[in-house]
Amino acid sequence: MTILSTHLENQNTDPSLTALIQSITVCCADIADLLKHGPMNDILGMAGAENVQGEDQKKLDVISNDMLKEALANTGLVKAIASEEEEHCVPSDPDGKFLVLFDPLDGSSNIDINSLVGTIFSIYAAPEKETIEDTDFLIAGRKQLAAGYVLYGPSVILTLTTGHGTHMYMLDQNSNAFLLFVDGVQIPRETKEFAINAANQRHWAEPMQLYISDLLKGETGPRQKNFNMRWVAAMVGDVHRILCRGGLFTYPWDKKDPDKAGKLRLMYEANPMALLTEQAGGAAFTDELPILDIDPEHIHQRVPVILGSSEEVNICVNYHR
Ligand code: AFP
């Protein structure tokens with residue numbers, strides 16, 4: 001089986017980018033190890049602080065965030081990082097070639113119940129300037145050099161794109177190397193499976209209420225086929241399922257907090273997942289435009305997300321037109 005670095009070299013990847021990706025995956029293998037032994041190490045539970053999102057931080061949110069910051073700083077390749085757990089960007093190496101954004105532990109409400117969580121990352125070329133500010137991170141998702149996630153599940157899986165398709169690598173516990181096992185993910189264009197937190201149904205905009213209602217009518221309704229539902233409550237888990245077998249994932253705007261465009265963050269959740277999805281032949285939209293075409297306004301900006309099987313995403317978005 002092909003190891004990650006060889007697969008990247010075979011795609012003529014910039015050696016510095018390969019080295020950066022490698023350092024991220026080595027850190028994620030360490031995070032996986034922490035998670036495996038979490039209950040024994042008293043690192044589950046709350047950290048007793050809130051992040052910039054106003055969300056209670058889990059201990060592992062903070063620990064994984066610190067691990068990634070340190071790993072990236074040690075590469076000498078990163079000019080600055082931005083993280084879900086950091087209010088502002090954190091400068092790193094003035095000669096660094098890259099900017100890196102990450103959600104260190106997506107799905108952290110799943111940690112204490114031993115369910116799926118993951119690390120999501122997004123890599124851009126760094127601008128030629130001394131001091132990096134938050135505004136320097138506001139680059140459209142289509143310009144990402146690389147995007148990926150590491151899913152901490154029964155297997156530890158890296159899903160990655162550098163713009164030449166989406167590929168999956170499994171962590172080999174013996175060698176601690178990530179080995180290629182899906183060379184070119186292809187998302188089925190159609191699906192019978194959708195993922196949404198249905199508890200918010202009464203708060204959705206009417207087009208989304210109608211779209212989901214039509215799915216639930218099954219073969220006797222306008223869609224003329226029965227659908228199934230899944231909800232992992234960790235975007236990495238739902239997106240991984242969709243990359244493996246198709247489906248539609250959505251976290252739409254809702255009127256619980258009308259000023260919030262959605263729950264998911266554009267720069268380190270929606271954008272990397274959108275690139276992985278498009279590179280695998282799927283689609284990733286807000287309720288009106290491709291996520292990768294959004295001109296970002298803030299590093300913690302939130303967006304509504306509709307992504308997955310291209311035909312189904314198109315149908316869902318058309319309910320909003
Ligand atoms: P946490 O990291 O706070 O658990 O949130 C995870 C997430 O941002 C995303 O990964 C999930 O798809 C979504 O939130 C789950 O949201 P609900 O808890 O409202 O279902």
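In this predicted model, an oxygen atom of the ligand sits 2.6 Å from a side-chain N or O atom of Asp106. The next two residues along the chain join in through their backbones. A polar backbone atom of Gly107 is 3.0 Å from a ligand oxygen, and for Ser108 the distance from a backbone N or O atom to an oxygen of the ligand is 3.1 Å. On its own the ligand has 480 Å² of accessible area, and the protein covers 87% of that.

Stepping back to the whole shell, 15 residues surround the ligand, and the ones that come nearest are Asp106, Gly107, Ser109, Met235 and Tyr251. Sorted by class, the shell is made up of seven nonpolar, four polar and four charged residues. Two strands stand out as contributors: E13 (248–251) and E14 (264–265) each put at least two residues into the shell. Both domains take part as well, with at least three shell residues coming from domain 1 (4–183) and at least three from domain 2 (193–319).

How do those two domains sit relative to each other? The domain assignment splits the chain into residues 4–183 for domain 1 and 193–319 for domain 2. Their C-alpha centres are 23 Å apart. Across the boundary, 45 residues of domain 1 are in contact with 33 residues of domain 2.

Turning to the sheets, one open sheet is built from eight strands with mixed pairing, running in the order E4-E3-E5-E6-E7-E8-E9-E10. Its edges are E4 (90–91) and E10 (177–183), each of which pairs on one side only. Towards the E4 end of that order, E3 (residues 78–83) lies parallel to E5 (residues 98–106), with five bridges between them. Val78 has Phe98 of E5 as its bridge partner. E5 also leads back to the ligand: the strand spans residues 98–106, and Asp106 is the residue whose side chain comes to 2.6 Å from a ligand oxygen.

At the other end of the sheet order, E9 (residues 166–172) and E10 run antiparallel and share six bridges. Here Tyr169 faces Leu180 in E10. The two strands make a hairpin with four residues between them, and in the turn Asn176 has a positive phi of about 60 degrees.

A second open sheet has five strands, again with mixed pairing, in the order E12-E11-E13-E17-E15. E12 (228–229) and E15 (283–285) each have a single partner strand, so one side of each of these edge strands has no neighbour in the sheet. E11 (residues 193–195) is parallel to E12, and two bridges join the pair. Glu193 is matched with Asn228 in E12 as its bridge partner. E13 has a place in this sheet too, and E13 is one of the strands that supply at least two residues to the ligand shell.

Note on methods. Residues are numbered from 1 along each chain as its sequence is written. This is a predicted model: local features need pLDDT of at least 70, side-chain atom pairs count only at pLDDT 80 or more; totals for chains, interfaces and linings use all residues. Side-chain values use heavy atoms; hydrogens and water are left out. A residue is near a molecule or strand if one of its heavy atoms lies within 4 Å of it. A polar contact is a pair of N or O atoms within 3.5 Å; within protein, one must be able to donate a hydrogen and the other to accept it, and residues adjacent in sequence count only if both atoms are side-chain atoms. Accessible areas come from the Shrake-Rupley method with a 1.4 Å probe; for residues, only the protein chains shown count as cover. Ala, Val, Leu, Ile, Met, Phe, Trp, Tyr, Cys and Pro count as nonpolar, Asp, Glu, Lys and Arg as charged, and the others, Gly among them, as polar. Domain bounds come from an automatic or database domain assignment. Two strands pair if DSSP finds at least two bridges between them. Contact means heavy atoms within 4.5 Å.
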